[in-house]
Amino acid sequence: MELRTRALQVLLIADPQAKAAAARELHAAATAMTAAPAAPSPLPAPEVSLDTAARLVPDTEPPGRPARPRLVAALQVASRSPYTPEGRAALLHAIAHIEFNAINLALDAVWRFPDMPRAYYLDWLRVAAEEALHFTLLDEHLRGLGRAYGDFDAHDGLWTMAMRTAGDVLARMALVPRTLEARGLDATPPLQAKFAKAGDARAVEILGVILRDEVGHVRIGNHWYRHLCRERGLDPVALYPELVERHEAPKLRPPFNLEARGAAGFSDEELAYLRS
C-alpha cells in the first residue's frame, strides 16, 4: 500500500480509538512503503479494505469524525476548572479533543501536499503516531474518571486553520505546527501546575509526555517551513506575519515558554521578538 493513500484512509476513519490505532500501525510500517509524488483522491473507493476494524466514512471530505463531541463556536465551550471532578474531566476532554485533531492534521499533511521529499511524509507520520499515543493516554485517563471522549462540547479551531491553509504547504507549516501547536508549548506547564494542585498526578504525567513530544513536532514544522522558504527564496521571519494576516491566524500572545520554543527550533531572532 502506498503510504499517502493509506494516510488518507486512516484520516477518514471516524472512530477515534480505531483511528489512533491505525495511525500508529501506519507509522510502524511506513519505512517499507512507497510514497507517490501526486496526492491521492480525497475519496477512496468505499470497497477498499482497511487492516483495522474501523469504519471508513464514504462521501465526505476528510476528516472522519465520531458523531460526538458536538462542535460549537469556541466562545460557546464552557470554561473548565480542574478543581472539581466534572471540571477536571471537561478539561481533560478538551485536551483529548486537541490531540484527536492533531492526529487528523498530521495525516492531512501527509496525503494533501504533493512533491515533497520522502522525509517530509515520514516526519508527519511520526507526528500522527505520537498524537495518537497522546489521545489514547488521555482517553484512558478520562474513562478512569467515568467519562468518555464525546461527553462534552468542543470547538473546531484547529481544523479550521487546516482548511485555510489547504492550498499551500508552506502556509500549513507556518500556521499549524509553528503557531497553533506551538501555543501548546506555552500552555502545558501552567496546565500541569493546575492538575498537580488538583491532585491528579496521572494528568501531570501525561502532559509531560505531550510536552516532550510536541517540542519535536514544532521542530518538524520549523524545519519544513524553512526548507520551503529556502526553495522559494523567501525570508522566513519576514514572511511569517504576512501569512498570519493572509490566513487570519491567531496572534501570538504571552506568556511564552521560551525554553521549549528554543528547543523546538525557533531562531534567536524569533525568540528575541517574543521577549520584546
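**Buried polar residues, cores and salt bridges in an all-helical model**

The side chain of Asp200 reaches the backbone nitrogen of Ala203 at a distance of 2.9 Å. In this predicted model, Asp200 is found in the loop that runs between helix 6 and helix 7, and a second interaction of its side chain is a polar contact of 2.6 Å with the side chain of Arg88. Because its relative accessibility is 4%, below the 20% under which a residue is taken as buried, Asp200 counts as buried. When the neighbours within four places in sequence are left aside, the residues in contact with Asp200 are Arg88, Leu92, His141 and Phe195.

The secondary structure of the protein comes to 10 helices and 0 strands, so that from the N terminus on the order of elements reads α-α-α-α-α-α-α-α-α-α. The C-alpha trace spans about 50 × 50 × 30 Å along its principal axes. The radius of gyration is 18 Å, which agrees with the value near 19 Å that a compact globule of 276 residues would have. Of these 276 residues, 53% are buried, and among contacts between residues at least 6 apart in sequence, 80% join residues at least 24 apart.

Two of the helices may be described by their span. Helix 7, which covers residues 201-232 and has 32 residues, reaches 47 Å from its first C-alpha to its last, close to the 46 Å expected at 1.5 Å a residue; just after helix 7, Gly233 takes a positive phi of about 65°. Helix 4, with 27 residues, reaches 40 Å between its first and last C-alpha, close to an expected 39 Å, and is followed by Gly146, whose phi is likewise positive, near 85°.

The interior was next examined through its nonpolar cores. The largest nonpolar core has 71 residues, and those with the most contacts inside it are Leu107, Tyr120, Trp124, Met173 and Tyr225. Two or more residues are given to this core by each of helix 1 (3-11), helix 2, helix 3, helix 4 (118-144), helix 5 (157-164), helix 6 (169-197), helix 7 and helix 8 (236-246), with helix 3 giving the most, at 14 residues. Apart from this core lies another, of 11 residues, among them Leu185, Val218, Ala260 and Leu271. For Tyr120, the contacts beyond neighbours within four places in sequence are with Ala109, Phe113, Val169, Met173 and Trp224.

A buried glycine is found in the loop between helix 2 (16-29) and helix 3 (85-112), namely Gly64, whose relative accessibility is 2%. Gly64 and Ile13 are 51 residues apart in sequence, yet their C-alpha atoms are 4.9 Å apart in space. Beyond its neighbours within four places in sequence, Gly64 is in contact with Leu11, Leu12, Ile13, Ala14, Lys19, Phe100 and Asn104.

The structure holds 18 salt bridges. In one of these, Asp153 pairs with Arg70, the closest N and O atoms being 2.5 Å apart; since Asp153 lies in the loop between helix 4 and helix 5 and Arg70 in the loop between helix 2 and helix 3, the pair ties together parts that are 83 residues apart in sequence. Asp153 is partly exposed, with a relative accessible area of 30%, whereas Arg70, at 54% relative accessibility, counts as exposed.

Another salt bridge joins the side chains of Arg226 and Glu270, at 2.7 Å from N to O, and this pair links distant parts of the chain, with Arg226 in helix 7 and Glu270 in helix 10 (residues 268-275), 44 residues apart. Glu270 is buried, its relative accessible area being 12%.

A salt bridge within a single helix is formed by the side chains of Arg202 and Glu205, at 2.9 Å from N to O, both residues lying in helix 7 and being 3 residues apart, about one turn of the helix. Arg202 counts as partly exposed at 33% relative accessibility, as does Glu205 at 48%. Finally, Arg68, Glu86, Arg147 and Asp151 are linked in a network of salt bridges.

Conventions. Residues are numbered from 1 along each chain as its sequence is written. This is a predicted model: local features need pLDDT of at least 70, side-chain atom pairs count only at pLDDT 80 or more; totals for chains, interfaces and linings use all residues. Side-chain values use heavy atoms; hydrogens and water are left out. Helices (H or I, at least four residues) and strands (E, at least two) are DSSP runs, numbered from the N terminus. The expected span of a helix is 1.5 Å times one less than its number of residues. Buried means under 20% relative accessible area, exposed over 50%, partly exposed in between (1.4 Å probe, protein chains only). Contact means heavy atoms within 4.5 Å. A nonpolar core is a set of buried Ala, Val, Leu, Ile, Met, Phe, Trp, Tyr and Cys residues joined through side-chain atoms within 4.5 Å. A polar contact is a pair of N or O atoms within 3.5 Å; within protein, one must be able to donate a hydrogen and the other to accept it, and residues adjacent in sequence count only if both atoms are side-chain atoms. A salt bridge is a side-chain nitrogen of Lys or Arg within 4 Å of a carboxyl oxygen of Asp or Glu. The radius of gyration is taken over C-alpha atoms; the globule rule is 2.2 Å times the number of residues to the power 0.38.
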